[in-house]
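Let's walk through this one together, a step at a time. Please have the sequence and the 3D view open as you read.

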Number of protein chains: 2
Amino acid sequence: MAVYTHLGAEDLAQLVAQYDVGELVSFKGIAEGVSNSNWLVETTQGRFVLTMYERRIETADLPFFLGLLDHLSAAGCPVPRTIHDRAGDAWRMVGDKAVALIEFLPGLSPSHPSAAQAHAVGSALARMHGAAGDFPTQRENRLAPPDALAILQDCGEAALAAIDPQLPAILDTGAEIVAAWPNDLPQSVIHSDLFPDNVLMLGDRVTGMIDFYFACNGAMAYDLAVTHAAWCFDETGRNCDRNLGHALVEGYESVRPLEDRERAALPLLAEGACLRFIASRAQDWLETPADALVRRKDPMEFMRRLEFYRANGQGAFA
Amino acid sequence: MAVYTHLGAEDLAQLVAQYDVGELVSFKGIAEGVSNSNWLVETTQGRFVLTMYERRIETADLPFFLGLLDHLSAAGCPVPRTIHDRAGDAWRMVGDKAVALIEFLPGLSPSHPSAAQAHAVGSALARMHGAAGDFPTQRENRLAPPDALAILQDCGEAALAAIDPQLPAILDTGAEIVAAWPNDLPQSVIHSDLFPDNVLMLGDRVTGMIDFYFACNGAMAYDLAVTHAAWCFDETGRNCDRNLGHALVEGYESVRPLEDRERAALPLLAEGACLRFIASRAQDWLETPADALVRRKDPMEFMRRLEFYRANGQGAFA
């Protein structure tokens, strides 16, 4: 939640002049994005988000991320278009950093989603999976269960125990998840990080799915399981709202019915989703000083979700 | 540059419903403001900035700050209006914090102002001084030279020397400024912090003067001197752009000619302006850990300006 790079008005006006979007009227650094800087940019022709890629995301991945936005948007998905510059390029360099100008979409991210909102998000996710099926560029999931387990093993048992005495159990549980992981489920491009923060809504309508920077090729049912883990619990992970979960899956299936083997795999896929967030949160926790301004996210919030999925199996989705 | 408080979409929608501004469509935390949180809020009827007062500014001062915006805006100054809620109040409480909804103004803050822009800012400042003359509420300047000197004395010579070996000289210089300070110059409400960051422009036109949270009663010529120190130097304070300074004063005088005693006092007033920024920067420097994410502003940038004004006297404005 920060703007890492200073961009002056004159710099930005010059940059915007490289696009056919009218003249710069206003811009504000916005407190979004963890690994990039974002500005809300207004021109005489419209509003846009300018993203500067500060780290983590390598320029090599931009054809995938930005091309995907265009592909999904052209297919009618509520996804912001990439604005191409006068030379047709989807991104430009400002100094040594890549920047992209992206369509601004209205909408609000629900903090306390309703079942109707979860239903709409399920439908939007299924439509996205359908539309992404013929996207030609590939990107592998770098946070699949074996990757997540490796991150946790690198953290080490002692460091994990220092975060929470219950946390090291994830090493054994993670190995079980990896061993049982299905690799033959129907694939598409998946968002893989569709938290409420990454969805814009007006009432019960999805007006935007954003922040595709973890998108990759993967099992569609896994993406649904990620979304279930992200939407259907209170923040602590202690309480699952089964009505919300039911509405989410129902919304998904109203567009794309799950195959039996996908439905059977959902609890395990949800465990894998939790493993991924436990790993990234544990890593961030250990890399972030306790007194940093950034709030560290507690990996235990996903340990509790994982326990819920293990304890309830298919019942978690009933 | 941060958003200190989390406000969810539902909280904000509820808050916005207390105003006659239509329905909430979008909001983004913006990276502006040091002692408050700000959101750019869009409704079906327009755009607004929601400010949450986090610290420093006491609720007791809000009638002054928010009333001043309304007073100046009604007089045709490019200043954002305060939006009053359905009960007519200029601010509301959210938990234990005051919030105000303020008109959004377009425009860009110049990083490298031109002489034409400095001229326009001078004129806008003079018009503001004229319009504020009959504003009935009072607020004293809490960073007048005696206050600034007291802050520096509280820092202590050793701590100042640790920032820069040249800095402790400000204690003697500051005492001289306090002793010579004129208290009988023509008064109005002054902005007293009109850095380029606090001005919005489209081309050479001032579309907004913002961030009045240091506004107070004071000498109008002092405000012009603050603006000179804020606009007419490079960031280091080593180089004064006299063309810019000349345009600024000329713009001011095109609306409100200075009295002879004001013009005579300008160099001393500018020294007092520097003293004020040296004091607040030294204090912030000593209170901010060296490894904090917030960039500390170097008080020496204003020591150099102060030296320029002392060395050049009236020549600084010629």
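Before counting charged pairs, it helps to agree on what counts: a salt bridge here is a side-chain nitrogen of Lys or Arg within 4 Å of a carboxyl oxygen of Asp or Glu. By that rule, the structure holds 24 salt bridges over all chains. Keep in mind that you are looking at a predicted model.

A good place to begin is the contact between the two chains. How much area do chain A and chain B bury between them? The figure is about 2300 Å², with 58% of it on carbon and sulfur atoms. Three residues of chain A deserve a look here: Glu10(A), Lys28(A) and Leu108(A) supply 24% of the area that chain A buries against chain B, more than any other three residues. In terms of residues, 30 from chain A and 30 from chain B take part in the contact.

Now for the polar side of this interface. Eight residue pairs are in polar contact across it, both partners having pLDDT 80 or more. Which elements of chain A give two or more residues to the side that touches chain B? They are the helix α1 (9-16) and the strands β1 (24-30), β2 (36-43) and β8 (199-202) of chain A. Of these, β1(A) gives the most, with seven residues. Sorted by character, the residues on this side of chain A divide into 17 nonpolar, eight polar and five charged.

Salt bridges cross the interface too, and the rule finds two of them between chain A and chain B. In one that you can pick out, Glu42(A) pairs with Arg47(B), and their closest N and O atoms are 2.7 Å apart.

Other salt bridges lie within a single chain. In chain A, the side chains of Glu259(A) and Arg261(A) meet at 2.7 Å, N to O. Are these two partners buried or exposed, or something in between? Glu259(A) has 33% relative accessibility and so counts as partly exposed, and Arg261(A), at 39%, is also partly exposed. Turn to chain B and you will find Glu259(B) and Arg261(B) joined by a salt bridge at 2.8 Å, N to O. Here Glu259(B) is partly exposed because its relative accessible area is 35%, and Arg261(B) counts as partly exposed at 39%. Salt bridges that share partners also build a network in chain A, made of Asp61(A), Arg139(A) and Arg142(A).

Chain B has another pair to visit, Glu262(B) and Arg256(B), whose side chains meet in a salt bridge at 3.0 Å, N to O. Glu262(B) has a relative accessible area of 0%, so it is buried. Arg256(B) counts as buried as well, because its relative accessibility is 16% and the cut-off for buried is under 20%.

Let's finish with helix α10 of chain A, residues 300-312. At 1.5 Å a residue, its 13 residues should span 18 Å, and the end C-alpha atoms are 18 Å apart, which agrees. Many of its residues are buried, including Met300(A), Phe302(A), Arg304(A), Leu306(A) and Tyr309(A). What do the buried residues of α10(A) pack against? Their neighbours in contact are α6 (169-180), α7 (220-231), α8 (242-255) and α9 (260-287) of chain A. Just after the helix, Gly313(A) adopts a positive phi of about 50 degrees.

Note on methods. Residues numbered from 1 in each chain as written. Chains lettered and ligands numbered in written order. Predicted model: local features only at pLDDT ≥ 70, side-chain atom pairs only at ≥ 80, totals over all residues. Heavy atoms only, no water. Helix = DSSP H or I, 4+ residues; strand = E, 2+ residues; numbered from the N terminus. Expected span 1.5 Å × (residues − 1). Buried < 20%, exposed > 50% of the residue type's maximum accessible area, 1.4 Å probe, protein only. Contact = heavy atoms within 4.5 Å. Buried area = accessible area lost by both parts, 1.4 Å probe. Polar contact = N/O pair within 3.5 Å; in protein donor to acceptor, adjacent residues only side chain to side chain. Nonpolar A, V, L, I, M, F, W, Y, C, P; charged D, E, K, R; others polar.
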